[in-house]
Amino acid sequence: MLWWEEVEDCYEREDVQKKTFTKWVNAQFSKFGKQHIENLFSDLQDGRRLLDLLEGLTGQKLPKEKGSTRVHALNNVNKALRVLQNNNVDLVNIGSTDIVDGNHKLTLGLIWNIILHWQVKNVMKNIMAGLQQTNSEKILLSWVRQSTRNYPQVNVINFTTSWSDGLALNALIHSHRPDLFDWNSVVCQQSATQRLEHAFNIARYQLGIEKLLDPEDVDTTYPDKKSILMYITSLFQVLPQQVSIEAIQEVEMLPRPPKVTKEEHFQLHHQMHYSQQITVSLAQGYERTSSPKPRFKSYAYTQAAYVTTSDPTRSPFPSQHLEAPEDKSFGSSLMESEVNLDRYQTALEEVLSWLLSAEDTLQAQGEISNDVEVVKDQFHTHEGYMMDLTAHQGRVGNILQLGSKLIGTGKLSEDEETEVQEQMNLLNSRWECLRVASMEKQSKCFKKI
């Protein structure tokens, strides 16, 4: 994995992916003459629309179960998964029950793998073979950089932040089709939103590219990587595709950024979002309730404790902190009691504190040994760690549920609502990164045994 992939993988936005992936699926259905879907998660649960999609992509007739029970849905999805496996589509950790149950993360993962196979890899397979390269992202980035090298305002180094201001997207189109618009008129536009809207409209009406993204999806601190990749590949498909070996070598030689942990990236993102609110709220002595501790200050301290701590002497919490025999009572009492901001804040800080200890414990396990006997011990140790994570999964879910319930009461101010939503996003992202990292380590251990 290249460095920009490591950095970007934690900045996935489920809301944007759901919207853009839905648009992609519906674009395919338009080609096949099929009815559009409205909800990516619920509309795929019975497997019928999934088979419709694969029928169009593979050109095969795929019969569907006639009944409407869960068994019929599972059979339909299983048939779809077999088709994907036969087409060498990666389906790691995705099962039929995940789709039938409407699991958001894994449904998005399934659709992304379909997009990756039929749009990204299929579109790029000829040029990849010609260049003897297997990394489609590297080729795509090389193509973008080669195309935009004569635009001094543009320096694309990734598939997230490099696109936020709208200049790169316009430059990419203009480099191949300068007849479509005047570059200086784009540079003079006042906002990133205007520039992005301009590029999307040109691509839609002049190049026939579906508007899979909206300006607000990209005009943000960290745009969603997969959605950007999907859109840029659509452009690659209709524009000249020459990529030089020199451009690829240039990408390989891009300077690596300073070593920054995922936690520090989260801190940067959330500090930028909160810093102004925190300063204003504290300066004015504003308190949202009669609680003696200012809420924004509490959250600022939480961020400092859970994200920025870098003391190398800090040892991970003892293993008993990962064991939570009280979790059931914690969750039930939390959900059954009256929902209020103070109780939510306290519970959130407790879970984030545990999450930090779990991250430390995973890091303290160290690298996987090359000695088979040692790896066996590491595997068993990590199995215990995974069980601890599973035991705490409900606790994380309870906090997210409590936050949603709190927002649903309608008793929060607009700022408080925004704060709770961002805290939930942070908790969910940190948990997901930890879960994925743990599963990857388990898989690597298993392969060495």
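**Exercise 1.** Determine how helix α2 (residues 14-32) packs against helix α6 (residues 104-131) in this predicted model.

*Solution.* The two helices meet at an angle of about 45 degrees, and their axes lie 10 Å apart. Because angles under 35 degrees count as roughly parallel, over 145 as roughly antiparallel, 65 to 115 as roughly perpendicular and the rest as oblique, α2 is oblique to α6. Contact means heavy atoms within 4.5 Å. On the α2 side, the contact is made by Glu14, Gln17, Lys18, Phe21, Trp24 and Val25. On the α6 side, the participants include His104, Leu108, Ile111 and Trp112. The residues of this contact divide into 8 nonpolar (Ala, Val, Leu, Ile, Met, Phe, Trp, Tyr, Cys and Pro), 3 charged (Asp, Glu, Lys and Arg) and 3 polar (the others, Gly among them).

Residues are numbered from 1 along each chain as its sequence is written. Local features need pLDDT of at least 70, side-chain atom pairs count only at pLDDT 80 or more, totals for chains, interfaces and linings use all residues, and side-chain values use heavy atoms, with hydrogens and water left out.

**Exercise 2.** Test the length of helix α7 (residues 136-148) against expectation, and assess its burial.

*Solution.* At 1.5 Å a residue, the expected span, 1.5 Å times one less than the number of residues, is 18 Å for the 13 residues of α7. The end C-alpha atoms are 18 Å apart, which agrees. Of the 13 residues, 12 are buried (under 20% relative accessible area, 1.4 Å probe, protein chains only); among them are Leu140, Trp143 and Arg145.

**Exercise 3.** Classify Asp377 as buried or exposed.

*Solution.* Asp377 belongs to helix α18 (residues 372-408). Its relative accessibility is 52%, so Asp377 counts as exposed (over 50%).

Terms used
Helices (H or I, at least four residues) and strands (E, at least two) are DSSP runs, numbered from the N terminus. Axes are lines fitted to C-alpha atoms, for helices over the stretch in contact, and angles run from 0 to 180 degrees between N-to-C directions.
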